[in-house]
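Colleague: Could you take one part of this model and go through it closely, in one connected account? I would like to follow how its pieces are placed with respect to one another.

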Amino acid sequence: MLPFWRALLGYRQIDDDYLADPARRGPGFGLQPMDARRPQSNRMHHDVAVLHDQAEARIAAALAAGGQLVSDAHAPKWWVLADAEGNAACVATWVGRE
């Protein structure tokens with residue numbers, strides 16, 4: 001799943017389980033493997049705000065990295081994507097918001 005999240009966030013990869021903001025402004029992002037699947041998985045939903053002119057490229061990169069488009073019904077305000085395990089994330093812009 002790390003390639004999907006790397007593409008979605010626009011981060012660079014460090015080791016096998018950690019991502020870092022190349023601009024050093026945003027928080028790090030780590031994925032921890034679990035021994036057993038938890039019954040309450042996929043309960044988190046991440047929103048990733050990007051500049052409007054970067055949204056399509058970020059979405060294309062995330063899809064190319066194994067993600068899927070869940071909905072574009074609210075575009076260009078936001079698009080809903082999911083990683084290979086169904087964890088959802090929105091790519092959001094300020095376009096169309098009041």
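What follows is a close look at the nonpolar core and the elements around it.

Modeller: Please keep in mind throughout that this is a predicted model. The largest nonpolar core holds 18 residues, and those that touch the most other members are Trp5, Leu8, Leu19, Leu81 and Val91. At least two residues of this core come from each of helix 1 (2–9), helix 2 (52–64), strand 6 (78–82) and strand 7 (88–92), and the largest share, six residues, is supplied by helix 1. As a general background, nonpolar side chains in soluble globular proteins tend to be buried together.

Helix 1 deserves attention in its own right: its buried residues are Leu2, Phe4, Trp5, Ala7, Leu8 and Leu9, and because six of its eight residues are buried, helix 1 is largely enclosed by the rest of the structure. The residue that follows helix 1 is Gly10, which has a positive phi, near 75 degrees.

The sheet is the next piece of the picture. It is an open sheet of four strands in the order 4-7-6-5, with mixed pairing, and its edge strands, each pairing on one side only, are strand 4 (45–49) and strand 5 (68–71). From one strand to the next, the twist averages 30 degrees. Strand 4 and strand 7 run parallel and are joined by five bridges, and within this pair Val48 stands opposite Val91 of strand 7. Helix 1 packs on the sheet, where it touches strand 4, strand 6 and strand 7, and its direction makes about 20 degrees with that of strand 7. Helix 2, for its part, lies across strand 4, strand 5, strand 6 and strand 7, and it runs at about 10 degrees to strand 6.

Val91 draws these elements together. Once its neighbours within four places in sequence are left aside, Val91 is in contact with Leu8, Val48, Val50, Ala55, Ile59, Lys77, Trp78, Trp79 and Leu81. Among these partners, Leu8 and Leu81 are, like Val91, listed with the core residues that touch the most other members, and Leu8 is also one of the buried residues of helix 1.

Arg12, in strand 1 (residues 12–14), offers a further point of reference, since a relative accessibility of 41% makes this residue partly exposed. Leaving aside neighbours within four places in sequence, Arg12 is in contact with Arg6, Tyr18, Leu19, Ala20 and Pro22, of which Leu19 is also among the core residues that touch the most other members.

Terms used:
Residues are numbered from 1 along each chain as its sequence is written. This is a predicted model: local features need pLDDT of at least 70, side-chain atom pairs count only at pLDDT 80 or more; totals for chains, interfaces and linings use all residues. Side-chain values use heavy atoms; hydrogens and water are left out. A nonpolar core is a set of buried Ala, Val, Leu, Ile, Met, Phe, Trp, Tyr and Cys residues joined through side-chain atoms within 4.5 Å. Buried means under 20% relative accessible area, exposed over 50%, partly exposed in between (1.4 Å probe, protein chains only). Contact means heavy atoms within 4.5 Å. Two strands pair if DSSP finds at least two bridges between them. Axes are lines fitted to C-alpha atoms, for helices over the stretch in contact, and angles run from 0 to 180 degrees between N-to-C directions.
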